[in-house]
Each structure stands twice: as C-alpha cells, then as structure tokens.
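Open the model in a viewer and keep the selection tool at hand. The stops below are meant to be taken in order.

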Amino acid sequence: MTAVLEGKRVAFLATDGVEEVEYTQPRQAVIDAGGVAELVSIKSGEIQAMEHMDKSKTYPVDKVVSDASEQEYDALVLPGGVANPDFLRTDPDAVRFVRSFFDAHKPVAAICHGPWTLVEAGVVDGRTLTSWPSLRTDLANAGATWVDEEVYVDNGLVTSRNPDDLPAFCAKMVEAIAEGPHVRQHA
C-alpha cells in the first residue's frame, strides 16, 4: 500500500471490551498506509480487548481522552465490541471528543457497536449509516437512516456492520482519511 496517510494522525477511541479485530485491523490499515495510529481511552494504562465474549490481549493506551483534543488528530476511529461503546457513551470527555470531530468536519469511522457513541454525541441526525443490526432502532430514534450494507460512507462518516466487513471498512476508512476534512451538505 502506498503512503497515502503520511503525516496523518488517527485517534482510535476505545476502552475495555473493544472487539480486538475491529481495533487491530483498522489500526494496521492506518499504519500500512503511512499514518500514525494512537489509542485514546477513558483510562490510562492498558485496555482489555475481547474476541467476541472471551478476553483476548491488552493494548497500551497512548492518551487519556480527557487530555486529548481533536486538533491533534486528522481522523477518529470507533471500534466496536458490546461493552466498549457502552462505556464510552457514558463518559462526558469521550462524548465531547467524538462530537468535536464532527464539529471540525474531520473523517470518522465506526464499526459494529461503535455508532452507539455517535448517538450519544448527537451527531447522527440526518445521516445514513450502518452498524450491528441491534443498533438500528437506537440510530433511527436519533434521526439516522439505517442501511444493511457492508460499508456506507456519508460525507466523511464511514460505517460498517461487523468484523466480516473489515476489508471494505478499512479501505473506505483510509480513503476518507486521505481525503481529509469535508463540508457537510444539508438537505
């Protein structure tokens, strides 16, 4: 892969319960494209990743979200896992951090249960996206249009349903980050 993300810094916002492959594969895609990937979390130290419902590896946190600013990054990635986004959406600093990327029109990518945090940040109204099917009602109630597609891109927001979608998700995520900030078109 070419270094299309050279000079780009990407925040991966995650905590305990993150679905390992939804963190590691997009992170590696950013690195392979020449970007810098940093793990931002609601706590310092390490986070516990999961492989479905089983504990997997732990990963070192680069920065605590309360000390992080969207201005330090070119894009944001929200991996899934069931517990991870549920913990994130109850943390005011994590919600603020997510919202700030939308305010700055920077690319955001979320997979599986990751869009739960987008709902809490109040940034899905009027957007079209996909997710793990159980989030469909939450997203619709927050004003989004939900689609059952491998990957969906809505003006800088890249979403996918599950780990099977990772190849398409990673490709569109890298493409969106390479394109950079966007201006949201209102209907």
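The tour covers the annotated domain, the sheet, one helix, the aromatic pairs, the cysteines, a buried loop residue and two unusual backbone angles.

**Stop 1: the annotated domain**

Keep in mind throughout that this is a predicted model. Select residues 8–175, the range that an unreviewed UniProt entry annotates as "domain: DJ-1/PfpI". Over this range the chain is 32% helix and 29% strand. Put a distance label between the C-alpha atoms at its two ends; the label should read 12 Å.

**Stop 2: the sheet**

Switch to a cartoon view and find the open sheet of seven strands. In which order do the strands of this sheet lie? The order is β6-β3-β1-β7-β8-β12-β11, and the pairing is mixed. The edges are β6 (63–64) and β11 (151–154), each of which pairs on one side only.

Start from the β6 edge and work inwards. Strand β3 (residues 36–41) pairs with β6 in the parallel sense, over two bridges. To see the register, select Ser 41 and Val 64, the latter in β6: the two stand opposite each other.

Next select β1. Four of its five residues are buried, so the strand is mostly covered. β1 runs parallel to β3, joined to it by five bridges, and Phe 12 stands opposite Leu 39 in β3. β1 is also parallel to β7, here with three bridges. The register marker for that pairing is Val 10, which stands opposite Ala 75 in β7.

**Stop 3: a helix on the sheet**

Which helix touches β1, β3, β7 and β8? Select residues 20–32: this is helix α1, packed on the sheet and touching β1 (9–13), β3, β7 (75–78) and β8 (108–111). The direction of α1 makes about 145 degrees with that of β3.

**Stop 4: aromatic pairs**

The model has four aromatic pairs, and two of them are visited here. Show the side chains of Phe 12 and Tyr 23, an edge-to-face pair with 5.8 Å centre to centre and 85 degrees between the planes. Phe 12 belongs to strand β1 and Tyr 23 to helix α1, eleven residues apart, and the pair thus links distant parts of the chain. Are these two residues buried or exposed? Phe 12 is buried, with a relative accessible area of 0%, and Tyr 23 is buried at 2%.

Now move to Phe 97 and Phe 101. Their ring centres are 5.0 Å apart and their planes stand at 85 degrees, so this pair is edge-to-face. Both residues sit in helix α3 (residues 92–103); because they are four residues apart, about one helical turn separates them. Phe 97 and Phe 101 are both buried.

Before leaving the aromatics, add Tyr 59 to the selection. Phe 12, Tyr 23 and Tyr 59 form one aromatic cluster.

**Stop 5: cysteines**

How many disulfides does the model contain? The count is zero. Select Cys 112: the closest cysteine sulfur, that of Cys 170, is 13 Å from its own, which is too far for a bond. Cys 170 is likewise in no disulfide. Cys 112 counts as buried at 6% relative accessibility, and Cys 170 counts as buried at 9%.

**Stop 6: a buried loop residue**

Go to Val 123, in the loop between α4 (115–121) and β9 (128–129). Val 123 counts as buried because its relative accessibility is 10%, under the 20% cut-off. Leaving aside residues up to four places away in sequence, Val 123 touches Arg 99, Phe 102 and Leu 118. Label the C-alpha atoms of Val 123 and Val 98 as well: they are separated by 8.8 Å, with these positions 25 residues apart along the chain counted as their spacing.

**Stop 7: two histidines with positive phi**

Most residues other than glycine have a negative phi. Select His 52, in the loop between β4 (46–51) and β5 (54–60). Although not a glycine, His 52 has a positive phi of about 60 degrees. The residue His 52 is exposed, with a relative accessible area of 57%.

The last selection is His 105, in the loop between α3 and β8. The phi of His 105 is also positive, near 60 degrees. At 33% relative accessibility, His 105 counts as partly exposed.

Key:
Residues numbered from 1 in each chain as written. Predicted model: local features only at pLDDT ≥ 70, side-chain atom pairs only at ≥ 80, totals over all residues. Heavy atoms only, no water. Pairing = 2+ DSSP bridges. Contact = heavy atoms within 4.5 Å. Axes fitted to C-alpha atoms, helices over the stretch in contact; angles between N-to-C directions. Buried < 20%, exposed > 50% of the residue type's maximum accessible area, 1.4 Å probe, protein only. UniProt positions renumbered as here; feature names shortened; annotations may be inferred. Disulfide = S-S within 2.5 Å. Phe/Tyr/Trp six-rings, centres within 6.5 Å; stacked < 30°, edge-to-face > 60°.
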